[in-house]
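Trainee: Please take me through this model by question and answer, with the reasoning set out at each step.

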Amino acid sequence: MKARDVMTRHVVSVGPNETILEAGELMLRHHVSGLPVVDANERLIGIVTERDFLRPIGPRADDRRPRWFEVIAARPVISESTELRCKRKVAEVMTPNPVTVDDNAPIDEVVRMMETHRIKRLPVTRESRIVGIISRENLMRALVRSIHKTKAWAKQEEIDRGRLAELEREAWLHRTRT
């Protein structure tokens, strides 16, 4: 099985100059937790995820969560700084040069890459252009589908063995009668 066999082909993406608010709305509308970021030529340049929205902002490690987070945490009033943060561009918060996989990659390589890099989604590319995306949900679907196919194959094999045994018995009976 290859990456192209399990990937989602319809990929919702976002441009680097869109605001993080627009990206967040797009994620919610399409029920996804991350978006590939593509340039004007549809080439993959980054990825923006829910984690990027929740990550502390600023050069110091002790910086707090983004102020807009306080809106959902406790404060019903949107401050001026929260509005400014919502206008930030995707390019400012995205992860540039994300880990990708070729659409022809074997599925075990896909799983290994996701585990190694501890990522939940893996853009699938062909010649630097995004052609799909693989999430953990895609892998789960492929696993369940494979289990069902294996069960069906095993059941059919059992039926075939029974038929073969019946044919051999009939042949033996036929030989003993002649």
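Mentor: Two strands are said to pair if DSSP finds at least two bridges between them. The model itself is a predicted one.

Trainee: Which residue in S3 stands opposite glycine 46?

Mentor: Strand S2 covers residues 44-49, and two bridges join S2 to strand S3, residues 95-96, in the antiparallel sense. Isoleucine 47 stands opposite threonine 95. Glycine 46, for its part, stands opposite proline 96.

Trainee: Which strands stand at the edges of the open sheet that S2 belongs to?

Mentor: The sheet has the order S1-S2-S3, with antiparallel pairing. An edge strand has a single partner strand, so one side of it is left without a neighbour in the sheet. That description applies to S1 and S3.

Trainee: Which residue in the turn of the S1 and S2 hairpin has a positive phi?

Mentor: Strand S1, residues 34-38, is joined to S2 by five bridges and runs antiparallel to S2; one partnership sets proline 36 against isoleucine 47. Five residues lie between the two strands of the hairpin. The residue in this turn with a positive phi, about 65 degrees, is glutamate 42.

Trainee: What angle does the direction of H2 make with that of S1?

Mentor: H2 packs on the sheet and touches S1 and S2. Of these, S2 is mostly covered, with five of its six residues buried. The direction of H2 makes with that of S1 an angle of about 130 degrees.

Trainee: How wide an arc around the axis do the buried residues of H2 cover?

Mentor: In helix H2, residues 20-30, the buried positions are Ile20, Ala23, Gly24, Leu26 and Met27. They lie on the same side of H2 because of the limited arc that they cover. Leu28 and Arg29, on the other side, are exposed. The arc of the buried residues is only 160 degrees.

Trainee: Is arginine 88 buried or exposed?

Mentor: Arginine 88 lies in the loop between helix H5 (80-86) and helix H6 (90-93), and its side chain makes a polar contact of 3.1 Å with the side chain of glutamate 92. The cut-off for burial is under 20% relative accessible area. At 18% relative accessibility, arginine 88 therefore counts as buried.

Trainee: Which element gives the most residues to the largest nonpolar core?

Mentor: This core has 14 residues, and those with the most contacts inside it include Val101, Val110, Met114 and Leu122. The elements giving two or more residues are H1 (3-6), H7 (107-117), S5 (121-126), S6 (129-135) and H8 (136-177). With three residues, the greatest contribution is that of H7.

Trainee: How many residues are in the second, separate core?

Mentor: Its members include Ile20, Met27, Phe53 and Val90. Two of these names, Ile20 and Met27, have already appeared among the buried residues of H2. The residue count of this second core is 13.

Trainee: At about what angle to S5 does H7 run?

Mentor: The sheet concerned is open, in the order S4-S5-S6, with mixed pairing; S4 (101-102) and S6 are its edge strands. S5 and S6 pair in the antiparallel sense over six bridges, and threonine 125 has isoleucine 130 as its bridge partner. Valine 101 touches Val110 and Met113, among others. H7 lies across S4, S5 and S6, and its angle to S5 is about 130 degrees.

Terms used: Residues numbered from 1 in each chain as written. Predicted model: local features only at pLDDT ≥ 70, side-chain atom pairs only at ≥ 80, totals over all residues. Heavy atoms only, no water. Core = buried A, V, L, I, M, F, W, Y, C linked by side-chain atoms within 4.5 Å. Buried < 20%, exposed > 50% of the residue type's maximum accessible area, 1.4 Å probe, protein only. Helix = DSSP H or I, 4+ residues; strand = E, 2+ residues; numbered from the N terminus. Contact = heavy atoms within 4.5 Å. Axes fitted to C-alpha atoms, helices over the stretch in contact; angles between N-to-C directions. Arc of directions from axis to C-beta. Polar contact = N/O pair within 3.5 Å; in protein donor to acceptor, adjacent residues only side chain to side chain. Lists of a residue's contacts leave out its neighbours within four places in sequence.
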